[in-house]
Structure formats: C-alpha cells, structure tokens
Amino acid sequence: MSSASRVPALAREVALPHTPGLLRVQSRLFLTTLGAFLVLGLPLAGVVSRGVYQGIYQSFAERSLRESTLMATLPLVRVALEGTSSKRADLNSLLNQYRAQLGADYIVITDRAARRLTHPNPVEIGKKMQGGDFTAFLRGQSVTETVQGTLGRSVRSKVSVMNAEGRVVGLASVGFLLPRLRDVFVEVLRAGLPWYLGMLGLALLLSLLVARRVQAEMLGLEPEQIAGGLQQYRTVLNTLEEGVLVTRAGQVFVMNPQARALLGTPDAALPIAWPPELQLPEPGHRLTIELQGCPVLLTAQDAGEGALVVTIRDLARVRALADELTQSQRYAELLRAQTHEFTNRLHTLAGLLYLGETHEALRLIHTQAERHTAHAQAVRGLRHLRLSALLLGKYDRAAELGVQLTLDPLSFLPAALPAGVLDLLELAAGNLIENALEAACLPGATGAEVCVLIAADPEGLILEVRDTGPGVLPELAGGIMMRGVSSKGTGTNGQGRGVGLSLVVTRAQSLGATLTHDRVQVGQQTWTRFTLDLPLPEEVST
C-alpha cells in the first residue's frame, strides 16, 4: 500500500503532497532516538567508569592506611629496624607471607634513610624507596599517596615505625596497584552493554509506536504539510470577500480580515467573546441582522466538537451583485429582441430588393427610421443616457411581443440626480416594464398596451407603469413583492421568477421610496398600475 493511499481523504483535500526529499516523522524520530543514545552513551559510560575508578581508589587508600598502620605496630618490624642485619634477613620472607594474606601488591619496610628492608622483588632491597613524601613520617605523620613506583602506579600509605622510646626508626608502607582507567572503562562497557542495547531497542520501538500514533492523529500528514496547509488555509480565508469566523462556547477563535471589519474588531487579539447582542444562527440556518448600521446575512455550519463556522455576507454587496445580474440579463434580453427584430427587417428588405420592389423597401426603411426617431424624441426628456437606452430597448421588446408601449409625454427628469436614484429608476423601470409587457400578453388580456410615466414633481420622482393585463391574482396580491412570489407560476415556466420586484422593493426601502400596485379605470379600459414614489434630497431641483 502506498503512503498516499494511507492518507485520509480529508487530508488529501486540504494539504499538498509530501515532499519526497524530506524524511517522514517515523524516520526522523527513529534516527533522533538512535543518535541521542549514541551521543549520550559513550560520555555516560565514561562518567560511570570514572566513578568506579574513584571508588576503587578510595577503597585501596583506606586499606593501605589501615594495613600500613598494622605493619608499623608489629614487634618483629621494630626489632628488625633496631637490630642487626641478621635479624633483618628473615623479615622480607615473613612480610611476603603477610602480603599474600592481606592481598596487597607489596609491603615495604624502610629505615629512617628510606632504604628498603623488604620488597616483593629482592633486587630492590637495600635501594632507596621511590616517590612521594619522605619527610612526614620522620615527624610521626602518616601519608596516603598515589605514586609511580617500581611495580607500577599504586596507592600506598607511609606510616612511621616507632621504638619503645617513641623515636621514629623507619616506615611501613602497604601498597595496591591501581588498574588503568581504560581497563575499568572497558569492564563497565562489557557489563553494561547488554542493558544499554536492550534500552536502545526498547526506545527505538517506542519511538516507532509514538510516531505512528502521532501521524495517525495528524491524519497521516507530515509536519511540513500541516504547516503548509495552515498557510494555505489562512490565505484562502483572507482572500474571501465574505467574513468567515470559527466560534465555540461563545468564543471566536478564527477570524479573517473581512469578518474583523464587519464586527469592528480590526486589532483584537484572538480569542474574543462573541458579541452578546448579536444572535448566533443555528447550524444550517440563515439570519439577517444589522452590524454597524449595515444589514448582513449570517449563516452557520457545524464544524464538529461544538464549533461553528459562521459566514458573514454584506447584504448591500449581495444586492448589488443581484442588481448587476438582473441588469445584465435585462440588457441581454433587449439585445436579443433587437437582434430578432432587425433580423426580420433585414430579411424583409432582402426579399423586397430581390423582387425589385425598391420603392417598397425604401418606404419600409423610412417607416422604421421614423418610428425610431419618434422613440428617440419620446425618451429625450428623460435626460439620462442609460435610462433612455433602456426605454429604447423596451420599445423593441414590446414590438417583438406585439404590445404597444407608450411613454407619457409628461415624462421628464432633472438633469442632476444622485447615482443611487438613477440606479433605482433603472432597476425599477426595467423590471416593472418587463413584467407589464409579459402581463399584457397573458391570456384574457385585451388591447395589449403598456403606458409608462417617469416624471418629477415637487414631492420627488414618480415612476408609473400601467398595463392592460388581467392584474395580480387575488391570492398573491398581499405577497407579490416578496422574493420567490410570481403571478407567472413556478416550475419550468416560472423558473427563476419572483426576484425582480423583491429587488426593487429592497432598493427602494434603502432610499426611502415606496412601491405600490392597484387597478385603475381609464376610459373604457381597466389597467393594472405599479407606482414607485421616490423622495429627493432638498438640494436636487425638480
């Protein structure tokens, strides 16, 4: 099984593949444990060996002093030091027997001049004792020292030998050869190596088990993948236009810059408390609230372990995007209608020219030119290019549907209008006229006519659209301006309906305008009328 197949699907979705040049967690922990044991093992063995060596030295020093004191008190040693050479002849062999019983490496007796009377090597008898202090014993003081003698490096004690009158007649020294530190080190290694290797094997096994457990907790990812995933996660959050935050138990732990701006906490250190005055939506639900005077849409999704991912969308931006989409769809529909009409006219002209009816072709061209000129003159009073272009497109749309569209001659607008007012007029005119054209074509409608009035009065602006359609169904009259409600039905024929009027109402409310509808009688004809009343700022002259 490949390493990629062992990584859960969630990890593969949020992290980049592992870099082949990097060791995995298991290998790193294994090698780290092995290296730590190797680096620490030899120094530890050295420390233990030195401790053992110091213990051996201390033990030999204590034995040397104790047994040297014993030798100095033996009567035969005193007699030999005070007597003649014949009395000293048997002293060496006798003390060698003592040496064997005591386990010492040598017992040396000297006179006051430090000349040896005894020595394990008979050749050294009569020679002066080597190394160390040879003045302290003359004062009756004992000395324990480490010296390099004829037999090797040893620890020994020098104890004064005194006669019955208390005078120093010589010294007694029992010595023990010290083992080399290297030999002690080798012995320590030899004794501790099986335990050391056992602990090393156990540590390596535990490191592998811990590494597997850690990697399982990390969803099979390596540390570099997790770090990279966090950086990508932060980048994605920061590039989202919506505010996104993660909250749990009333605390916000993650927040992108957009959410900080909407909540008014640009520099607050996380975690922070969720504002108690704001209602938190239930998972899977939406909630519209107001933040810092701006309407926003909150949605929440369950992230597990009691955490919620909350998305904050600026409704003004959402509505602006919806308006742009509606405008684009409307312009596309107008262009389609114009293309359809001009295609028909061109086909007609082509046929007349083919038949040689040039006079009839010219008459058709003049008729169309006069009609478009009349339409252009009719919209001239609107004085705003985009709104005028919209009405011209609606003329073509009405001609396509077979509906007579009329712009009231009293239509007139001030030259200077706020951008928001013009956007509302364009949005409302496009939706209301399109709805009126479609309503005028419904079964039961007679005359198929639509009348539009866009004008200014001392109280503000008015947009009135009347059609000869059958009107709003009684059961829909109370909610016709709500999102998703349409008199044109749902399903295939009504797909995407019930959006335009709700957008107009939302935009109108933000500017203090009102949209109403009713049925009016004009002459012998009953009309459905939609009226938008829009107040203007005092500085705008009508």
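## Two sheets, two helices and a patch

β2 pairs antiparallel with strand β3 (residues 153–162), and six bridges hold the count for that pairing. Two strands pair here if DSSP finds at least two bridges between them; helices (H or I, at least four residues) and strands (E, at least two) are DSSP runs, numbered from the N terminus.

The model is predicted: local features need pLDDT of at least 70, side-chain atom pairs count only at pLDDT 80 or more, and totals for chains, interfaces and linings use all residues. Residues are numbered from 1 along each chain as its sequence is written, and side-chain values use heavy atoms, with hydrogens and water left out.

**Exercise 1. Place the β2/β3 pair in its sheet: what is the strand order, and which strands are at the edges?**

*Solution.*
- Pick a bridge to get oriented: T146 has V155 in β3 as its bridge partner.
- Now add the neighbours. The open sheet has four strands, ordered β1-β4-β3-β2, and its pairing is antiparallel.
- The edges are β1 (106–111) and β2 (143–148), each of which pairs on one side only.
- Finally, the twist: neighbouring strands are turned by 25° against each other on average, direction ignored. Axes are lines fitted to C-alpha atoms (for helices, over the stretch in contact), and angles run from 0 to 180 degrees between N-to-C directions.

**Exercise 2. Do the same for the five-strand sheet, then find which helix lies across β11, β12, β13, β14 and β15.**

*Solution.*
- The order is β11-β12-β13-β15-β14; this sheet is open too, with mixed pairing.
- β11 (404–407) and β14 (514–522) are the edge strands; each has a single partner, so one side of each has no neighbour in the sheet.
- Neighbouring strands are turned by 20° against each other on average, direction ignored.
- At one end, β14 and β15 (residues 525–534) pair antiparallel over nine bridges, and D518 has R529 in β15 as its bridge partner.
- The helix is α12 (residues 419–440), which runs at about 15° to β13.

**Exercise 3. Is E464 buried or exposed, and what does it touch?**

*Solution.*
- Locate E464 first: it's in strand β13 (residues 460–467).
- Its relative accessibility is 14%, so E464 counts as buried. The cut-offs are under 20% relative accessible area for buried, over 50% for exposed and partly exposed in between (1.4 Å probe, protein chains only).
- Leaving out residues up to four places away in sequence, E464 touches C451, V452, L453, R529, F530 and T531; contact means heavy atoms within 4.5 Å.
- D533 is 69 residues away along the chain, yet the two C-alpha atoms are separated by 8.7 Å.

**Exercise 4. How many residues of helix α13 are buried, and which are they?**

*Solution.*
- Take α13 as residues 500–510: eight of its 11 residues are buried, so the rest of the structure largely encloses the helix.
- The buried ones are G500, L501, S502, L503, V504, V505, R507 and A508.
- Just past the helix, G512 takes a positive phi of about 80°.
- For the backdrop, 38% of the protein's 542 residues count as buried.

**Exercise 5. Which residues make the nonpolar surface patch of about 380 Å²?**

*Solution.*
- The members are L202, L205, L206 and L209.
- Patch residues have over 30% relative accessible area and no salt bridge; like charges are joined within 9 Å, nonpolar side chains (Val, Leu, Ile, Met, Phe, Trp, Tyr) within 5 Å. A salt bridge is a side-chain nitrogen of Lys or Arg within 4 Å of a carboxyl oxygen of Asp or Glu.
- L202 lies in helix α6 (residues 181–217).

Definitions and conventions:
Accessible areas come from the Shrake-Rupley method with a 1.4 Å probe; for residues, only the protein chains shown count as cover.
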